[in-house]
Amino acid sequence: LGAGIVTTAAKGDAADAADLEAAIASMARLNRVASEAAQQAGAHAMTDITGFGLLGHASEMAERSGAQLLFRAARLPFLPGARRYAEEWLFPAGTCSNERFYRGQVQFASQIPEELRQLLYTPETSGGLLIAVSPDMLPALQDAFRSAARECWIVGEVTAGSGVAVTAD
């Protein structure tokens with residue numbers, strides 16, 4: 001996560017070259033291999049994280065699944081510089097649009113700082129995949145990603161309820 005804010009910082013000549021290089025490498029990595037690995041492991045649902053940001057895409061996934069997606073903020077992977085640019089409030093304009101549209105479907109733990117909340121609404125430029133898989137299929141998913149030489153993070157879980165919740169842990 002974070003390509004959107006890193007590229008926005010770069011447009012304003014505020015991004016470190018190494019951060020921009022990492023964002024470009026991330027955006028150039030196609031999701032096809034990861035998508036195939038997820039399908040091989042029996043994924044229940046999957047979406048790419050792009051213009052609606054993590055929370056927008058997660059909200060739509062939760063709504064269509066009739067469940068709640070619970071994210072653990074401490075587990076979310078961010079590109080180098082993304083958190084720093086958020087602290088400097090260098091968000092792209094689409095962040096506010098995403099927040100206005102999806103905020104009624106998202107609950108944050110009180111410890112989540114405002115800049116992190118905004119970062120999770122920030123549009124991504126060719127982000128990764130958000131994949132839902134049953135707990136018993138998680139080892140197969142991790143094995144499939146390892147075999148495909150792709151990174152995989154467990155960032156939360158699907159629970160009873162609706163919408164999206166973000167905890168600090």
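1. How many of the eight residues of α7 are buried? In this predicted model, the count is six of the eight, so α7 is largely enclosed by the rest of the structure. The buried residues are L116, R117, Q118, L119, L120 and Y121. Their cover includes the helices α1, α4, α5 and α6. The strands β3 (106–108) and β6 also belong to that cover.

2. One of the elements covering α7 is α6, and the packing of these two helices can be described further. The axes of α6 (residues 94–102) and α7 come within 8 Å and cross at roughly 90°. That makes α6 roughly perpendicular to α7. On the α6 side the residues that meet α7 are T95, N98, E99 and Y102; on the α7 side they are E114, Q118 and Y121. By class, this contact has two nonpolar, three polar and two charged residues. Q118 and Y121 appear both in this contact and among the buried residues of α7.

3. The next point is the nonpolar interior. The largest nonpolar core has 35 residues. Those touching the most other members are I5, L55, L69, F71, L130, V164 and V166. Several helices supply at least two residues each: α1 (3–11), α2 (17–28), α4 (53–65), α5 (82–87) and α7 (114–121). The strands β2 (68–72), β4 (129–132) and β6 (163–167) do so as well. The largest share comes from α4, with five residues. Apart from this core lies another, of eight residues, among them A34, A38, A41 and F145. As general background, nonpolar side chains in soluble globular proteins tend to be buried together.

4. V164 is worth following in the structure, as one of the core residues that touch the most other members. Leaving aside neighbours within four places in sequence, V164 is in contact with L55, A58, S59, Q68, L69, F71, Q105, V106 and Q107. Among these partners, L55, L69 and F71 are also listed with V164 as core residues touching the most other members.

5. S59, one of the contacts of V164, is found in helix α4. Is S59 buried or exposed? S59 is buried, with a relative accessible area of 1%. Not counting residues up to four places away in sequence, S59 touches Y102, Q105, V106 and V164. Of these, Y102 is also one of the α6 residues that meet α7.

6. Turning to charged pairs, a search of the whole structure finds six salt bridges. One of them joins the side chains of D19 and R84, at 2.7 Å from N to O. D19 lies in helix α2 and R84 in helix α5, so the pair ties together parts that are 65 residues apart in sequence. D19 is buried, at 7% relative accessible area, whereas R84 is partly exposed, at 33%. D16 joins D19 and R84 in a network of salt bridges.

7. R72 takes part in two salt bridges. With E157 the distance from N to O is 3.0 Å. E157 lies in strand β5 (residues 156–159) and R72 in strand β2, so this pair ties together parts that are 85 residues apart in sequence. R72 is buried, with a relative accessible area of 15%, while E157 is partly exposed, at 35%. With D169, the closest N and O atoms of the pair are 2.8 Å apart. D169 lies in the segment after β6, so its pairing with R72 ties together parts that are 97 residues apart in sequence. D169 is partly exposed, with a relative accessible area of 46%. In general terms, side chains of opposite charge can pair when their charged atoms come close.

8. A last point concerns G156, which is found in strand β5. At 25% relative accessibility, G156 counts as partly exposed. Which residues does G156 contact, leaving aside its neighbours within four places in sequence? They are L70, F71 and R72. For R72, this contact comes in addition to the salt bridge with E157, a residue that also lies in β5. G156 and P113 are 43 residues apart in sequence and 19 Å apart in space, from C-alpha to C-alpha.

Definitions and conventions:
Residues numbered from 1 in each chain as written. Predicted model: local features only at pLDDT ≥ 70, side-chain atom pairs only at ≥ 80, totals over all residues. Heavy atoms only, no water. Core = buried A, V, L, I, M, F, W, Y, C linked by side-chain atoms within 4.5 Å. Buried < 20%, exposed > 50% of the residue type's maximum accessible area, 1.4 Å probe, protein only. Helix = DSSP H or I, 4+ residues; strand = E, 2+ residues; numbered from the N terminus. Contact = heavy atoms within 4.5 Å. Salt bridge = Lys/Arg side-chain N within 4 Å of Asp/Glu carboxyl O. Axes fitted to C-alpha atoms, helices over the stretch in contact; angles between N-to-C directions. Parallel < 35°, antiparallel > 145°, perpendicular 65-115°, else oblique. Nonpolar A, V, L, I, M, F, W, Y, C, P; charged D, E, K, R; others polar.
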